[in-house]
Amino acid sequence: MRIPRDTLEKAFHAFAYAGHGVVLGHPGAGKTYTVSAFCKQLLGDKKRCLYVPIDKLGIETVRELSQSLGVPPDIPAYLARERGVSRESPGFIVVDGFDAARSDKTQRQLLGLIQQIANTLSDTWRIIVSVRTYDAMKSAELLRLFPLTEQASAPPP
């Protein structure tokens, strides 16, 4: 059974196209559903999207991440060469379940990669990170990269 979430999906679409961002929520709130549905829609529309489900990949290093995704080890250089992305039609990197990276080393490497992409490819790539609220509040570096300036909420069903 599909629960209609048209309003939420439209709001998320606008949020994602506006720039980099973090999706916060409690376990089971629908973060993974929302970001994966967004990625499926992008791919169906022939847009560029790199979906990174941290909990499914079981990676500990950026090198392992690139191997799991089947992309070259220098991910920012790979993204810079991708055709079909522009300011008008950006690509998306969606890191789902950032909190599933349990070691500090893995989280630091992921945050370093995210920051490198944000610093060099912001014109053409958007970064969306989903994370449990509790874990986000414990990560000063994540909050520095994605300052919480305004909370968006979906209207009640």
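## Lining of the largest cavity

In this predicted model, the elements β2, α4, β3 and α6 each contribute at least two residues to the lining of the largest cavity. The largest share, four residues, comes from α6. The volume of this cavity is about 90 Å³, and a search of the whole structure finds one cavity of 30 Å³ or more.

The residues that line the largest cavity are L50, V52, L65, L69, I75, I93, V95, L110, L113, I114, I117 and I127. By class, this lining has twelve nonpolar residues, with no polar and no charged residues.

## L50 and L69 at the cavity

Two of the lining residues, L50 and L69, can be described individually. L50 belongs to strand β2. It counts as buried because its relative accessibility is 13%, and the cut-off for that class is under 20%. Apart from neighbours within four places in sequence, L50 is in contact with L69, L79, F92, I93 and V94. Between the C-alpha atoms of L50 and A80, which are 30 residues apart along the chain, the separation is 13 Å.

L69 is located in helix α4. With a relative accessible area of 21%, L69 is partly exposed. Its contacts, leaving aside neighbours within four places in sequence, are L50, Y51, V52 and L57. The C-alpha atoms of L69 and L50 are separated by 8.4 Å, with their positions 19 residues apart along the chain counted as the distance apart.

## Strand β2 and its partner

Strand β2 comprises residues 49-53 and is mostly covered, with four of its five residues buried. It runs parallel to strand β3 (residues 91-96), to which five bridges join it. Within this pairing, Y51 of the contact set of L69 stands opposite V94 in β3.

## Nonpolar cores

In soluble globular proteins, nonpolar side chains tend to be buried together. The largest nonpolar core of this model has 29 residues, and those with the most contacts inside it are I75, L79, I93, I117, I127, V129 and L142. Two or more residues of this core come from each of β2, α4 (62-69), α5 (75-81), β3, α6 and β4 (125-132). The most, seven residues, is given by α6.

I75, one of the residues with the most contacts inside the core, also appears in the lining of the largest cavity. Beyond its neighbours within four places in sequence, I75 is in contact with V62, L65, S66, L113 and I117. A second, separate core has eleven residues, among them F12, L42, F92 and V94. Of these, F92 and V94 are in contact with L50.

## The second largest pocket

The second largest pocket has a volume of about 250 Å³. Its lining consists of F98, D99, R102, D104, Q107, R108, L111, D135, K138, S139, A140 and E141. These residues divide into three nonpolar, two polar and seven charged.

At least two residues of the pocket lining come from each of α6 (104-121), α7 (133-138) and α8 (140-145). The largest share is supplied by α6, with four residues. Helix α6 therefore has a part in several of the features described here, a point that rests on its share of the cavity lining, its seven residues in the largest nonpolar core and its four residues in the pocket lining.

Note on methods:
Residues numbered from 1 in each chain as written. Predicted model: local features only at pLDDT ≥ 70, side-chain atom pairs only at ≥ 80, totals over all residues. Heavy atoms only, no water. Buried < 20%, exposed > 50% of the residue type's maximum accessible area, 1.4 Å probe, protein only. Pairing = 2+ DSSP bridges. 1 Å grid on protein atoms, 1.4 Å probe; cavity = no way out; pocket = protein on both sides within 12 Å on 5 of 7 lines; lining within 4 Å. Points joined across faces, edges and corners; volume = space filled by probe spheres on them. Nonpolar A, V, L, I, M, F, W, Y, C, P; charged D, E, K, R; others polar. Core = buried A, V, L, I, M, F, W, Y, C linked by side-chain atoms within 4.5 Å. Contact = heavy atoms within 4.5 Å.
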